[in-house]
Amino acid sequence: MIARLAVGVALLLAAGPAVAQTMNAEAARKFVTGKLFAFNCVDGSRGLGRIYADGSVIGTIQTNASSPVRSVWLPPGTLRVKGEAICASLKGLSFEPCFSLNRTSEQTFRASVNGMGMIAYCDFARRMSVAGLGGRPQLSDPLTRDAPAAATNERR
């Protein structure tokens, strides 16, 4: 369950279509931070979520078609930049999975676990805001390398 969550929500994050454009950490940060994405994973998980500049995530996940939809909140610092990858620090996992992001269109990307691109990936599509998953303007700063961002009043 936690591994599925990491793959699904981390937003997280290389086997894309031929038109895919690999995003470095800065491009990925700009493309996903503060925006709402629906995701579908190769293992059948799906959901909806938003990644904030402080590395927190708020959303929902359904691990398979017959399971209940669960609300998810991952605390600040869960997602962070390491080199050119986005990594997830999740309680209960003995390792820190890192992800590659490949932009597949103006509104979509594929996130795959590094080294497992063909068997551990999720496809993400940008959605408009929905009730209960609105933005948190005080946390709109960009992710910084290996550290959560400080809060400001800057809006995107």
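Start by selecting Val 32 and showing whatever touches it. Leaving aside neighbours within four places in sequence, Val 32 is in contact (heavy atoms within 4.5 Å) with Phe 37, Ile 51, Leu 101 and Phe 109. Keep in mind that this is a predicted model, where local features need pLDDT of at least 70, side-chain atom pairs count only at pLDDT 80 or more, and totals for chains, interfaces and linings use all residues. Residues are numbered from 1 along each chain as its sequence is written, and side-chain values use heavy atoms, with hydrogens and water left out.

Val 32 lies in helix H2. Helices (H or I, at least four residues) and strands (E, at least two) are DSSP runs, numbered from the N terminus. Is Val 32 buried or exposed? Val 32 is buried, with a relative accessible area of 6%; buried means under 20%, exposed over 50%, and partly exposed in between, using a 1.4 Å probe and protein chains only. Now add Arg 126: the two residues are 94 apart in sequence, yet their C-alpha atoms are 8.7 Å apart in space.

Next, widen the selection to the core. A nonpolar core is a set of buried Ala, Val, Leu, Ile, Met, Phe, Trp, Tyr and Cys residues joined through side-chain atoms within 4.5 Å. The largest one has 26 residues, and Val 32, Leu 101, Phe 109 and Phe 124 touch the most other members. Helix H2 (residues 25–32) gives this core its largest share, four residues.

Stay on helix H2 and pick Glu 26. Which residue forms a salt bridge with Glu 26 at 2.6 Å? That is Arg 29, going by the closest N and O atoms; a salt bridge is a side-chain nitrogen of Lys or Arg within 4 Å of a carboxyl oxygen of Asp or Glu. Glu 26 and Arg 29 are about one helical turn from each other, because they sit three residues apart in helix H2. Glu 26 also meets Lys 30 in a salt bridge, at 3.9 Å from N to O. Colour the trio by exposure: Arg 29 is buried at 7%, Glu 26 is partly exposed at 36%, and Lys 30 is exposed at 53%.

For another pair, jump to Arg 110 and Asp 123, whose side chains meet in a salt bridge of 2.6 Å, N to O. This one links distant parts of the chain, with Arg 110 in strand E9 and Asp 123 in strand E10, 13 residues apart. Arg 110 counts as buried at 14% relative accessibility, while Asp 123 is partly exposed at 31%. Back on the helix, shared partners join Glu 26, Arg 29 and Lys 30 into one network of salt bridges.

Now go to the loop between strand E3 (46–51) and strand E4 (57–62), where you'll find Asp 54. Asp 54 counts as buried, at 6% relative accessibility. Show its side chain together with that of Ser 56. A polar contact of 2.6 Å joins the side chains of Asp 54 and Ser 56. Such a contact is a pair of N or O atoms within 3.5 Å; within protein, one must be able to donate a hydrogen and the other to accept it, and residues adjacent in sequence count only if both atoms are side-chain atoms.

Last stop: select Met 118, in the loop between strand E9 (108–113) and strand E10 (121–127). Met 118 is exposed, with a relative accessible area of 65%.
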